[in-house]
Amino acid sequence: MTEKEKAIEDETIEVSAESTEKKTKKPHRRRAIVITVVVLALLTAGGIAWKAHADRLMAEARADCAAESERLRVATTAYNALLNGKAASMAKTDVKSVKDAKTVDTLKRAAAVRLPAMVKCDASKAADLDAAAAKANKAARTVKSDTKALETAAKAVESSKLDKTVADADALYKATDGKVQDDKTRDALKQAIAKRDAAAIAKAVKSVNDSKAAKEKADAEAKAKAEQEAQAQAAAEAAAAQSQTQQSYSAPRQSYTPSYSGGSTS
């Protein structure tokens, strides 16, 4: 091989090598670009996915907090309804009208409890919303417990009041034996006592008292009439006796003139 041919061959080899090097570098550059694009896409998608996940967690936390807050509101409304209704009525009960005065004191204490404040779900973080939900849940359970205690106390006063009503009615039933004008009223009272029916007892007690008063009035009138008759009879007898006495004193008396007999004196 001549030097010229050798030079041409070397040049050809260099050109080929350079061309091959260029061809080799071009796919690498494309691959790097593709990888970069993919990475950026993945990062973007990851960011979007993470934001969607965070938004979902936030929505769930807000919904949970709202649900617990609503439970607290409902529990508080129920407590206030009881407090201003039956409990308020029973709290006005006079201790003299219940069998156990302690029940009234217990009710007043139960009605004086301070309820937990309402919980707002306005936090901007899911963790804070979760904390608010837990707080509302705990508060709702406390209110429900207070409501149960208040209801129990109100029922205790109501029951003690009925116990006193029944006891008083039973005492009246026993005390009016033979002292009423119509004994059927006592039978009705006995039946009402057995049923522990406060309304029926009140009605029967009134009937027994009215019948008792009627008998007392009738007895008093009869007694007064008997006394008047006795007085009239006594007066009549006294008058008759006096008249007889007067007649005996006013009977005509015969005068007595002594007669003298004897001879004349000379």
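How many salt bridges does the structure hold? The structure, a predicted model, holds 13 salt bridges. The legends below describe close-up views of selected regions.

**View 1. Confidence along the protein chain.** The mean pLDDT of the protein chain is 83, and 72% of its residues reach 70 or more. Among the elements of the chain, helix α1 has the lowest mean pLDDT, 69, whereas helix α5, which spans residues 184–195, has the highest, 97. Where pLDDT is low, the predicted coordinates should not be read in detail.

**View 2. The largest nonpolar core.** This core has 25 residues, and those with the most contacts inside it are L72, L107, L150 and V157. Two or more residues are given to the core by each of α1, α2 (86–91), α3 (102–111) and α4 (126–175). Helix α4 provides the largest share, 11 residues. Neighbours within four places in sequence aside, L107 is in contact with A87, M90, A91, L150, A153, A154 and V157. A second, separate core has 11 residues, including L172, Y173, A204 and V208.

**View 3. The surroundings of T76 in helix α1.** T76 belongs to α1, which covers residues 3–84. With a relative accessible area of 13%, T76 falls under the 20% limit and is therefore buried. Beyond residues up to four places away in sequence, T76 touches L115, M118 and V143.

**View 4. The two faces of helix α5.** Helix α5 has 12 residues and reaches 17 Å from its first C-alpha to its last, close to the expected 16 Å. Its buried residues are T185, R186, L189, A192 and I193. Seen down the axis of α5, these buried residues fall within an arc of 120°, so they line one face of the helix. The face turned away from the buried side carries the exposed residues K184, Q191, A194 and K195. One of the buried residues, R186, is linked with D177 and D183 in a network of salt bridges.

**View 5. R196, just after helix α5.** R196 is found in the loop between α5 and α6 (198–249). Its phi is near 55°, a positive value in a residue other than glycine. Most residues other than glycine have a negative phi. At 36% relative accessibility, R196 counts as partly exposed.

**View 6. Salt bridges within a helix.** In α1, R71 forms a salt bridge with E68, and the closest N and O atoms are 2.8 Å apart. R71 and E68 are 3 residues apart in helix α1, which means that about one helical turn separates them. R71 is partly exposed, with a relative accessible area of 42%, whereas E68, at 15%, counts as buried. In helix α6, the side chains of D210 and K206 meet in a salt bridge of 3.0 Å, N to O. Because D210 and K206 are 4 residues apart in this helix, they too are separated by about one helical turn. D210 is partly exposed at 41%, and K206 is exposed at 53%. An α-helix has 3.6 residues a turn, so residues three or four places apart point the same way.

**View 7. A salt bridge between helices α2 and α4.** The side chains of K86 and E158 meet in a salt bridge at 3.1 Å, N to O. This pair links distant parts of the chain, with K86 in helix α2 and E158 in helix α4, 72 residues apart. K86 is partly exposed, with a relative accessible area of 34%, and E158, at 38%, also counts as partly exposed.

Conventions. Residues numbered from 1 in each chain as written. Predicted model: local features only at pLDDT ≥ 70, side-chain atom pairs only at ≥ 80, totals over all residues. Heavy atoms only, no water. Buried < 20%, exposed > 50% of the residue type's maximum accessible area, 1.4 Å probe, protein only. Contact = heavy atoms within 4.5 Å. pLDDT = per-residue confidence, 0-100. Expected span 1.5 Å × (residues − 1). Arc of directions from axis to C-beta. Core = buried A, V, L, I, M, F, W, Y, C linked by side-chain atoms within 4.5 Å. Salt bridge = Lys/Arg side-chain N within 4 Å of Asp/Glu carboxyl O.
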